[in-house]
Amino acid sequence: MTYSDKLKDPRWQKKRLEILERDEWECTNCGDGKSTLHIHHQYYEKATDPWDYPDYCYTTLCEICHKEIADNKSYLDNLIARVGYAEIARIKGYVKALLMEDQLVDAKVGSIEEATGISDALGTNPRLVEIMASANGGVFRQSDYSYIVRNC
Ligand SMILES: [Zn+2]
């Protein structure tokens with residue numbers, strides 16, 4: 001079954017309607033409720049059917065925002081392909097810090113480069129992030145994040 005066949009599957013049609021309802025039939029990026037709306041997968045995994053992702057993976061976007069996000073992701077993939085392992089780890093840390101801000105989650109810190117990325121996002125010293133994570137088995141906690149945002 002091709003991907004386009006899968007998008008005709010009733011399980012996808014049902015999931016699509018659930019997400020449109022959840023997002024109140026508006027683009028979650030610009031608020032447009034009059035243009036054609038798409039359900040965007042924030043990420044893909046091999047061997048996972050389009051309807052089988054957790055709900056946080058989906059977001060409703062208008063056609064224009066969907067294209068813009070897809071183009072930006074593609075451009076970002078091209079940029080990331082041109083940097084080394086340390087820079088990728090640093091970007092990973094930066095993105096983890098952004099997720100901490102949005103979703104109030106803890107972040108596993110796998111390397112000093114990841115700690116540097118987190119500290120880049122927070123405007124603090126990477127050593128502070130590394131010390132806080134080391135004190136908690138390599139996990140930079142939401143409470144540490146909030147402490148730095150408030151005090152540093
Ligand atoms: Zn939009």
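In the predicted model, G123 adopts a positive phi of about 65° at the position just after helix 5. The helix that precedes this glycine spans residues 112-122 and is mostly covered, with 8 of its 11 residues buried. The buried positions are E113, E114, A115, T116, G117, I118, S119 and L122. An α-helix has 3.6 residues a turn, so residues three or four places apart point the same way. In helix 5, the run from E113 to S119 is buried at each position.

The cover over the buried residues of helix 5 is drawn from several elements of the chain. Among them are helix 4 (85-103) and strand 3 (107-108), together with helix 6 (126-134), strand 4 (139-140) and helix 7 (142-151).

Across the whole chain, 7 helices and 4 strands are assigned. Read from the N terminus, these elements follow the order α-α-β-β-α-α-β-α-α-β-α. The chain is more spread out than a compact globule, because its radius of gyration of 19 Å is well over the 15 Å given by the globule rule for 152 residues. Along the principal axes, the C-alpha atoms fill a box of roughly 50 × 35 × 25 Å.

Burial was also computed for the full chain, where 22% of the 152 residues count as buried. Of the contacts in the chain with a separation of 6 or more, 51% are accounted for by residues 24 or more positions apart.

Technical notes: Residues are numbered from 1 along each chain as its sequence is written. This is a predicted model: local features need pLDDT of at least 70, side-chain atom pairs count only at pLDDT 80 or more; totals for chains, interfaces and linings use all residues. Helices (H or I, at least four residues) and strands (E, at least two) are DSSP runs, numbered from the N terminus. The radius of gyration is taken over C-alpha atoms; the globule rule is 2.2 Å times the number of residues to the power 0.38. A residue is buried if 20 or more other C-beta atoms lie within 10 Å of its own, exposed if 12 or fewer, and partly exposed in between; C-beta atoms are placed from the backbone. Two residues are in contact if their C-beta atoms, placed from the backbone, lie within 7 Å.
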